[in-house]
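These are my notebook entries on one chain, written down as I looked things up. I begin with a single pair of side chains and work outwards from there.

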Amino acid sequence: GASANNPRGALIVLEGLDRSGKSTQCSKLLSFLKASGHPTELWRFPDRETSVGQMISAYLSNKSQLDDHTIHLLFSANRWEKRSLMEEKLKTGTTLIVDRYSYSGVAFSSAKGLCIDWCKAPEIGLLAPDSVLYLDISPERAAERGGYGDERYERVEFQRKVADFYQTLRDSSWKIIDAGEAMEEVEKKIQEVVLDKVRECATGKPLSLLWS
Ligand code: Z5A
Ligand code: MG
């Protein structure tokens, strides 16, 4: 039956400043978990494939202009449109690695000057991650990496504000990973944390909701 204690997949979120290495590490983690025999999918937000995602993508590449509140709600809607599928995947035993989630939503919009509580409100009721891994790097180090500066938010001053809001959102359960280390080192640290979580969720840890 559908008891709260059925084995399930884990909801693993990677967060961090632009160019901290999230997407690189997410795909390494996907290969690792699959090779370890855990059914796993890699998701990312924004999910640019949906119709809401296409509006977000146009905004990020400066092809459209939107009011700060409007784009905030679109980012949130983009998570809501995936919520039921997310729950179904987790409950049927698939672990989800998610590249950015509600914390990106709140940190980026708050950094633009929107009220943090207003920013959190539309995220209430989305699934809470079982683990948040924060890839920690200074905005200056991140800016030295490839591909920086192509999109709307990639300026050091702005990234410093984003980092401050991530700090505000962070709680003691977050795993802070030094993202300035070599890729292989970062990869190993992430694997340890995530394997433990995947095993814990397989024993039936119940799902919970944001923000609690
Ligand atoms: N946004 C928002 O405002 N609200 C929301 O709700 C959400 C997002 C969900 C697009 O996101 C924007 O949307 C983003 C936040 C905002 N802001 N901006 N711009 P995105 O996820 O599509 O952004 P992205 O451009 O795909 O990813 P990213 O965050 O900028 O980068 P990353 O994934 O963290 O890094 P990476 O692509 O893995 O690596 C970057 C480079 O560094 C690459 O050349 C790697 O080879 C290199 N790299 C990676 N790791 C290392 C190490 N350890 N050493 C040296 N070099 C490394
Ligand atoms: Mg990325």
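**Entry 1, a salt bridge.** I looked up Asp68 and Lys112 and found that their side chains meet in a salt bridge, with 3.8 Å from N to O. I kept in mind that this is a predicted model. I then checked where the two partners sit: Asp68 belongs to helix H3, whereas Lys112 lies in the loop between helix H5 (102-111) and helix H6 (116-120), so that the pair links distant parts of the chain, 44 residues apart. In the structure as a whole I find 15 salt bridges.

**Entry 2, H2 against H3.** Since Asp68 had led me to H3, I asked which residues of H2 and H3 meet. On the H2 side I noted Val52, Gly53, Met55, Ile56, Tyr59 and Leu60, and on the H3 side Asp68, Ile71, Leu74, Phe75, Ala77 and Asn78. Sorted by kind, the residues of this contact are nine nonpolar, two polar and one charged. For any two packed helices, the description consists of the angle between the axes and the distance between them. For helix H2 (residues 51-60) and helix H3 (residues 68-80), I read that the axes come within 9 Å and cross at roughly 135 degrees. This angle makes H2 oblique to H3, because angles over 145 would be needed for roughly antiparallel. The crossing of H2 and H3 is left-handed.

**Entry 3, H1 against H9.** I repeated the search for H1 and H9, which pack with their axes 10 Å apart and at an angle of about 55 degrees. H1 and H9 are therefore oblique to each other, and H1 passes H9 in a right-handed crossing. From H1 the contact takes in Thr24, Gln25, Lys28, Leu29, Phe32 and Leu33, which meet Met183, Val186, Glu187, Ile190, Gln191, Val194, Leu195 and Val198 in H9. Here I sorted the residues into nine nonpolar, three polar and two charged.

**Entry 4, the sheet.** In what order do the strands of the sheet lie? I found an open sheet of five strands, with the order E2-E3-E1-E4-E5 and parallel pairing. At its edges are strand E2 (40-44) and strand E5 (175-178), each of which pairs on one side only. On average, neighbouring strands of this sheet are turned by 20 degrees against each other, direction ignored. Looking at one edge in detail, I saw that five bridges join E2 to strand E3 (residues 95-99), and that Trp43 has Val98 in E3 as its bridge partner. Helix H9 (residues 183-202), already met in the previous entry, lies across strand E1 (11-16), E3, strand E4 (131-136) and E5, and runs at about 170 degrees to E4.

**Entry 5, the backbone.** Last, I looked for exceptions to a general pattern, namely that most peptide bonds are trans and most residues other than glycine have a negative phi. The peptide bond from Phe45 to Pro46 is cis, with omega near 0 degrees, and Pro46 is found in the loop between E2 and H2. A cis bond also runs from Leu210 to Trp211, with omega near -20 degrees, and Trp211 is in the segment after H9. As for phi, I noted that Arg19 has a positive value, near 70 degrees, although Arg19 is a residue other than glycine. Arg19 has its place in the loop between E1 and helix H1 (22-35).

Conventions
Residues are numbered from 1 along each chain as its sequence is written. Chains are lettered from A and ligands numbered from 1 in the order in which they are written. This is a predicted model: local features need pLDDT of at least 70, side-chain atom pairs count only at pLDDT 80 or more; totals for chains, interfaces and linings use all residues. Side-chain values use heavy atoms; hydrogens and water are left out. Two strands pair if DSSP finds at least two bridges between them. Axes are lines fitted to C-alpha atoms, for helices over the stretch in contact, and angles run from 0 to 180 degrees between N-to-C directions. Contact means heavy atoms within 4.5 Å. Angles under 35 degrees count as roughly parallel, over 145 as roughly antiparallel, 65 to 115 as roughly perpendicular and the rest as oblique. A crossing is left-handed if the near helix is turned anticlockwise from the far one by less than a right angle, and right-handed if clockwise. Ala, Val, Leu, Ile, Met, Phe, Trp, Tyr, Cys and Pro count as nonpolar, Asp, Glu, Lys and Arg as charged, and the others, Gly among them, as polar. A salt bridge is a side-chain nitrogen of Lys or Arg within 4 Å of a carboxyl oxygen of Asp or Glu.
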